[in-house]
Amino acid sequence: MDFTAYYENQKKIVDNYLKNRLAKKGISKVDDAMQYSLLAGGKRIRPILLMATAEALGTKGYNFLPVACGLEMIHSYSLIHDDLPCMDNDDYRRGRLTNHKVFGEAMAVLAGDGLLTLAFEVMLEQTNVDPKALIETVREMAMCAGNYGMVGGQALDLEYENKEITAEELRKMHAGKTGALFIAAVRGGAHLANANEQELLALTKFADLLGLAFQITDDILDVEGTSAELGKPVGSDAKNHKSTYVSLYTLEGAKALAQKTVDEALQCLEMFGHDADALREITKMMCGRKN
C-alpha cells in the first residue's frame, strides 16, 4: 500500500472533521483556547489507529469519525494539562507556545476541561452502529482516560518524580499515562467493527505492545532528538528527575527493547492478513519516528 498517501488522507479527514465540529461555538472565549490546541496539527495517531483497526476487520474506518475524533479531543486535553506549570511546565508544544503561555493558566485548564467534556458529546453523535457496541466503546474510553488509565498514570508520574523506580513500576505508569489511549483507540475500532473474541484479544495485545514501544521511543527521542524535530524542549525527563527506559536500560538497551516490542506487536496482527497493513505501517512509523 502507499502508506504515505493513506496516512495523509486519513489525517486530512480527521483534521476537517475537527475543524468543522469546533466551528460550532459555545458561549465564551474558551472556544479559542480549545481550538488553539486541538487544531495545532499533530499526527492524529489515535483516531487513525481506530479507523485502521476497523479496516483490519473489513469495515470502512471513516464510518466511525465521531468516536475517533472524540478520542483525539481527549488526547489534546491531556497535552494542555500536561504542559501546565503544576505538571511538566513546558513552554512549547508542536513548535509553538503552549496553551497556558498564550491564554493563561486558568483558561488553559478550562480549555482542557472543555475538550474532555466535548469529547463524549461528540462520540455519542456517532450513528449507524450497534448501540450496545457504542456504549461499550465510550465506557472503555472513559476508563482508559481516567483514574484506571491516563489520569492514573499521570498521577504515578508525579508520585515517582525524584525517586528510583523499578522496571515494573515504570511499565505500570506508562501503561496508564501513554498506553491506555492506544488501547482505547484499537479496542474502540474493534468494538465498532464487531470484532469477535479472538480478534479482540489479539488486537488488545497489539495495542498494549504498541503503547510500550511508543513510550520507549519517546524516551529515546528525549535524549537523542532536537527541539526543532520534536517541536518541544528535549531533556525534560532528566530536568524533572524522571525515570525512563533509557535511564533504566541505557540508550542501547532501550533501543533493543523497542525493536523487540515492535516485533512482538506486529506478530499479533498475523491473523488479519493484508487487511491490517495500515496498522503495520502505523506501528513502524510511530516507533521509527524523529518527533
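**Exercise 1.** In this predicted model, determine which residues ring pairs link into a cluster, and characterise the aromatic pair formed by F182 and F214.

*Solution.* Ring pairs join F3, Y6 and Y7 into a cluster. A search of the whole structure yields five aromatic pairs. That of F182 and F214 is edge-to-face, with 5.0 Å from centre to centre and 70° between the planes, the angle being over the 60 degrees that this class requires. The pair connects distant parts of the chain, since F182 belongs to helix α9 and F214 to helix α10, 32 residues apart. F182, at 0% relative accessibility, counts as buried, and F214, at 11%, also counts as buried.

**Exercise 2.** Classify the pair formed by Y245 and Y249, and decide whether Y249 is buried or partly exposed.

*Solution.* The rings of Y245 and Y249 are stacked, 6.0 Å centre to centre with 20° between the planes. Both residues lie in helix α13 (residues 245-249), four residues apart, about one turn of the helix. Y245 has 2% relative accessibility and therefore counts as buried, whereas Y249, at 34%, counts as partly exposed.

**Exercise 3.** Describe how helix α10 begins and how far it is enclosed by the rest of the structure.

*Solution.* At the N-terminal end of α10, N196 acts as the cap, placing a side-chain oxygen 3.1 Å from the backbone nitrogen of Q198. Helix α10 spans residues 197-224 and reaches 40 Å from its first C-alpha to its last, close to the 40 Å expected. Because 20 of its 28 residues are buried, α10 is largely enclosed by the rest of the structure.

Conventions:
Residues numbered from 1 in each chain as written. Predicted model: local features only at pLDDT ≥ 70, side-chain atom pairs only at ≥ 80, totals over all residues. Heavy atoms only, no water. Helix = DSSP H or I, 4+ residues; strand = E, 2+ residues; numbered from the N terminus. Expected span 1.5 Å × (residues − 1). Buried < 20%, exposed > 50% of the residue type's maximum accessible area, 1.4 Å probe, protein only. Polar contact = N/O pair within 3.5 Å; in protein donor to acceptor, adjacent residues only side chain to side chain. Phe/Tyr/Trp six-rings, centres within 6.5 Å; stacked < 30°, edge-to-face > 60°.
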